[in-house]
Structure formats: structure tokens, C-alpha cells
Amino acid sequence: MHVNLRESWSLGSVRVPTRVVLAPMAGVSVQAFRRQGRRFGAGLVCSEMVSCAGIEHRNERTLGYLRVAADEHPLAIQIFGSDPHVMAEAARMVEAAGADVVDINFGCPVRKVTKTGAGATLLDDPDRAAGIVAAVAAAVSVPVSVKMRRGLENESRACLEVGPRLVDSGAQCLTLHPRSARQMYTGSADHSLTAELVSLVDVPVIGSGDVTSQARAKAILGETGASAVMVGRAAQGNPWALREILLGGEGRPSREEVVAELVLFMRETVRELGERRAGGFLKKFYGWYLGRGRFPRPFKQELVQLEIVSEVEARLFREVPGARFVLQRIETQQPVVDEVLLDEMPISIYGGG
Ligand SMILES: Cc1cc2nc3c(=O)[nH]c(=O)nc-3n(C[C@H](O)[C@H](O)[C@H](O)COP(=O)(O)O)c2cc1C
């Protein structure tokens, strides 16, 4: 079957320019990550999961998630919670903030979330899950999508029962990460379930899980009939994976490109989270960008020891002076965004789906 990843598709009324979607990842999907993902060809980007209770209480940290830049669109903002009324109210705010799609999280396996009746637990409570989708769909005029796992337990097929009900309740797109919640991130994603889900619903389905190359993306789209693939871990500190998946080719960046993208990411993250919060947040990204055989391990370790982001930047430029020119080129091509400083970093929960 011929698969063109650069084809556009429709998520309800929203036109998505490519079949590659950047995954929502708690503690990762900051605005810098999403803007970069769009630049490297993701047709749709997502915020990390945002607590609907946090939105309802106008928690300052949570509201930090609702800042949308002009060059992020189309953007899905993902919310999680268990109360249909609170979720509907949160969805209204998400729409007002400028999201093109409201995404609902029924996939988070982390206990801190599931014990509140949110995330993947809702796959075991189809009535409530359907009630949440119906309430959210009635509250907003943008399309509503749902991201879910296969079910709670290994071998569960709950997604195949719940999915069609969610569509009947108003979901205009379903994303399936076909691992169980119990599996967390072990084993592999069983995309035969994605194919079954596609055959059961008449809305687009996005396949999530283990998409790391163009060959894998094409195989999943071809074998399942999904409308798009979602890329998560492969894109951490590695936007070139998106380009490779979309365009093929080697996808291997030069050292100058790696440092330029990392420095741009650091600057934008400092602007978004503030210097203090960004310092800690960024440490995992140093390893992700500079790993994969791109730089020697001691160099990464040296950077992680530095406490101030501007020191890391200076050290990076000392190592790769030519990166300044690459950065200048990227910056001149990027639209300027409003500079808003947030004191508090958003709540992050590792492994939200
Ligand atoms: C660090 C991390 C955070 C995540 N946070 C979220 C989240 O907030 N919401 C969500 O729906 N999925 C979340 N996920 C799941 C991913 O969106 C994706 O479905 C999963 O990682 C499988 O795709 P991959 O193999 O491409 O990484 C997270 C995954 C990781 C690794």
C-alpha cells in the first residue's frame, strides 16, 4: 500500500498538513519543543497533559501550559481529570487560550493520576469516559480527540469497546498507544489493535508507540489504515527524527546544527519557565541532544554540572563555534513570539500516557 507521510488529513474541521504528529509528553512538551517539532515537519503538536482541576482553580503553574505561540498551530492541548463538569470548564479555557483541538487523556498509567479516577483508569469505566467526552464536546466548538492505551491490564482489549463509544459521544479523533497501563513503556506497542480500532470507527485514528523511523511509520500506516503516526521518545532532543520520518534520508545532523538547536531550545525554555526552573528542566535535554554518538560522554557530564544556563550556552559555543551562524540563520527564519516570563514551572508527571 502506498503511504505518503506528507499528505494532509482532517481532524474534524482542522487541516493537519502531514501525517506525523508530535506526542504529548509530560516534562518534555514545552512550547520550545512544540515549535521545534512544527519546524521539523510535525503536522500537529500537543501540549503535555494539563490538570483540569489546576485549570479550574486558576493554578498559576497550570495556566502556564495554556500559552500558545503563533507558529504552533495546529496545536492540541491535552487535559486530564475525572469530573465531566470540571473537564468541560477546562476545555472552554483551553479553547479560549487558542488550542485548535482539545485532547482528553485516557492513557496516563501513573498512579498519582489513576488514583484520582483520571487517565487510563477511565478505560475501565466506559460510562464515565463517555460522559466526559460528551460534556467536553458540548462545551467547545473545536474538535475533541481522545488519547488512550489498550486497557489497564496486559492483553486487555478495552480500547476496542470504549473507542467506538467515545466516538458516539463526540470524539472526532482517537489516538491509540497500544500498550496496557500495567506495561508502562515495556514490551512493544501492538499495532494490530490500532488496525482493529480503525475498522471499528469512522473518525481518524492516530497510532502511537515505537515510531522511530520512516520505515516503521509507513508500515504502521499501511498495515493499520491509521491517518497519522505519533512520535514521542524518538523526538526527545532529536527533531531530526521527525525530518527523517517525513522525508527519508539519513537525518543525521552536523555538530553545528545540534548545538544551534539545543541553544535555541535552551533560550526559549528560559523565556518560558524562567532561569531558575529552566536550569533543572533542561539537564535531561543535554543528554538527549548530545548523546546518540554525537558528542563524547564526558562533555555531556561537564554540562550537567553547570548550574547556570548561560554558562552551558557559552561552553557549547566554545566547543562548536560555527553553531552561532547556524543559530542566526534559524532565528531569522523564526517568527518572534511575545516574551512572557513565568515564575513557576508547570506541574510535570513523568510518563503521562
Ligand atoms: C516522558 C513521557 C511523558 C509522557 N507524557 C504523556 C502525556 O502527558 N500525555 C499522553 O497522552 N501521553 C504521554 N506520554 C506517552 C506518549 O505520548 C506516547 O504515547 C508514548 O511514549 C509512546 O510513543 P513513543 O514510543 O513514540 O514514545 C508520555 C511519554 C513519555 C515517554
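Colleague: What value of phi does glycine 225 take just after helix 9?

Modeller: Glycine 225 takes a positive phi of about 80 degrees, and helix 9 is counted as a helix because helices are DSSP runs of H or I with at least four residues, while strands are runs of E with at least two, numbered from the N terminus. This is a predicted model, in which local features need pLDDT of at least 70, side-chain atom pairs count only at pLDDT 80 or more, and totals for chains, interfaces and linings use all residues. Residues are numbered from 1 along each chain as its sequence is written, and side-chain values use heavy atoms, with hydrogens and water left out.

Colleague: Which residues of helix 9 are called buried, and why are they placed on the same side?

Modeller: Gln214, Ala217, Ile220, Leu221 and Thr224 are buried, a word that means under 20% relative accessible area, with exposed over 50% and partly exposed in between (1.4 Å probe, protein chains only). They cover an arc of only 130 degrees around the axis, so they lie on the same side of helix 9, where the arc is that of the directions from the helix axis to the C-beta atoms. On the other side of helix 9, Ala215 and Glu223 are exposed.

Colleague: What makes strand 10 and strand 11 a pair?

Modeller: Three bridges join strand 10 and strand 11 in the parallel sense, and two strands pair if DSSP finds at least two bridges between them. Glycine 207 has valine 229 in strand 11 as its bridge partner.
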